[in-house]
Amino acid sequence: MKNEVVEDLEWCIEYWPDLIEARLPGTARPWRQPQLSPEAKLKRDWDARIDWALRTTHALGESPAPVDVAILSTALDLLVRADDLAADLGPVVMCPILAPPGPGELDARPYLRYAAARFAEGPEWLADGAEPTVRHIQQKIAQALCMVYDGQTLAVTCPWCSETGVWRVQTLPGGQVAIVCGGVCEPPQRDVGTWWGGQPVWPIAQWPWLAQRVMSAEEKVRRAREAIAS
Ligand SMILES: [Zn+2]
């Protein structure tokens, strides 16, 4: 249980920036690529500048940009929960607690990291007690991201069926957020999260792993091309 809670927290830390970015419509990235291309980096820097401009010249709520209110309120709610989680842990493990977030601050990651570190070094029961809270935070982030990504086609090549543009983000029955490959695709059982309508499916918790698989498959293709060219 302890390891799962820490893993769930790490997932939340990884996807927190996506949630924050998703509150500005049109800035959503389909999923987290482990490496950014120079163009993607430029866009990111640009987004950060817009973000900075919005935060400093306008109070939240009176911003002229179309901020996605549902995502913003989810982010604020989760920030409060993450702060509470960390603040409740401090006295139990006799660790100094973090300062609460200041006005206009929307970063839950310091509190999530703090909690992850305490759980990793603490006894099993400590993580057990926080499991529902951590699960809730993870679910809410996943749901918010899916509001943005639902139906989106990803511009990647599936490492198993080698087709491009066949991955779609979908909400499956039961509200599970997942990537579904629409190709003629039969990955080995150990590589598939689950199946849906005969197609392989990877729930959002597996996306960091999935991104790694795509990157290493692309790397292999690149090296093969280089070998042919040389
Ligand atoms: Zn496929």
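This report walks through a predicted model of a protein, from its overall layout down to a few residues.

**The whole chain**

Let's start with the big picture. The protein contains six helices and five strands. Follow the sequence and you meet them in the order α-α-α-α-α-β-β-β-β-β-α. Of its 230 residues, 25% count as buried. What about contacts between residues that are at least 6 apart in sequence? Of these, 62% join residues at least 24 apart.

**Two helices side by side**

Here is how helices H3 and H6 look in numbers.

| Helix | Residues | Number of residues | First to last C-alpha | Expected span |
|---|---|---|---|---|
| H3 | 69-93 | 25 residues | 36 Å | 36 Å |
| H6 | 207-229 | 23 residues | 33 Å | 33 Å |

So far, nothing odd: H3 reaches close to what you'd expect at 1.5 Å a residue, and H6 also comes close to its expected value.

Now look at burial. In H3, the buried residues are Ile71, Leu72, Thr74, Ala75, Leu78, Leu79, Ala82, Asp83, Leu85, Ala86 and Leu89. It helps to remember that an α-helix has 3.6 residues a turn, so residues three or four places apart point the same way. H6, on the other hand, is hardly covered, with two buried residues among its 23.

**How H3 meets H4**

Which helix does H3 pack against at an angle of about 35 degrees? That's H4, which spans residues 109-121, and the two axes are 8 Å apart. Their crossing is left-handed. On the H3 side, the contact is made by Ala82, Asp83, Leu85, Ala86, Leu89 and Val93, while H4 brings in Tyr111, Leu112, Tyr114, Ala115 and Arg118. Sort these contact residues by type and you get nine nonpolar, two charged and no polar. Several names on the H3 side may look familiar: Ala82, Asp83, Leu85, Ala86 and Leu89 are among the buried residues of H3.

Just past the end of H3 there's a small detail to spot: Met94 takes a positive phi of about 55 degrees.

**A glycine between strands**

Finally, find Gly197 in the loop between strand S4 (194-196) and strand S5 (199-203). Is Gly197 buried or exposed? Gly197 is exposed, because it has 8 other C-beta atoms within 10 Å, and a residue with 12 or fewer counts as exposed. You can also look from Gly197 across to Val180: these two are 17 residues apart along the chain, and their C-alpha atoms are separated by 9.8 Å.

Technical notes. Residues are numbered from 1 along each chain as its sequence is written. This is a predicted model: local features need pLDDT of at least 70, side-chain atom pairs count only at pLDDT 80 or more; totals for chains, interfaces and linings use all residues. Axes are lines fitted to C-alpha atoms, for helices over the stretch in contact, and angles run from 0 to 180 degrees between N-to-C directions. Helices (H or I, at least four residues) and strands (E, at least two) are DSSP runs, numbered from the N terminus. A crossing is left-handed if the near helix is turned anticlockwise from the far one by less than a right angle, and right-handed if clockwise. Two residues are in contact if their C-beta atoms, placed from the backbone, lie within 7 Å. Ala, Val, Leu, Ile, Met, Phe, Trp, Tyr, Cys and Pro count as nonpolar, Asp, Glu, Lys and Arg as charged, and the others, Gly among them, as polar. The expected span of a helix is 1.5 Å times one less than its number of residues. A residue is buried if 20 or more other C-beta atoms lie within 10 Å of its own, exposed if 12 or fewer, and partly exposed in between; C-beta atoms are placed from the backbone.
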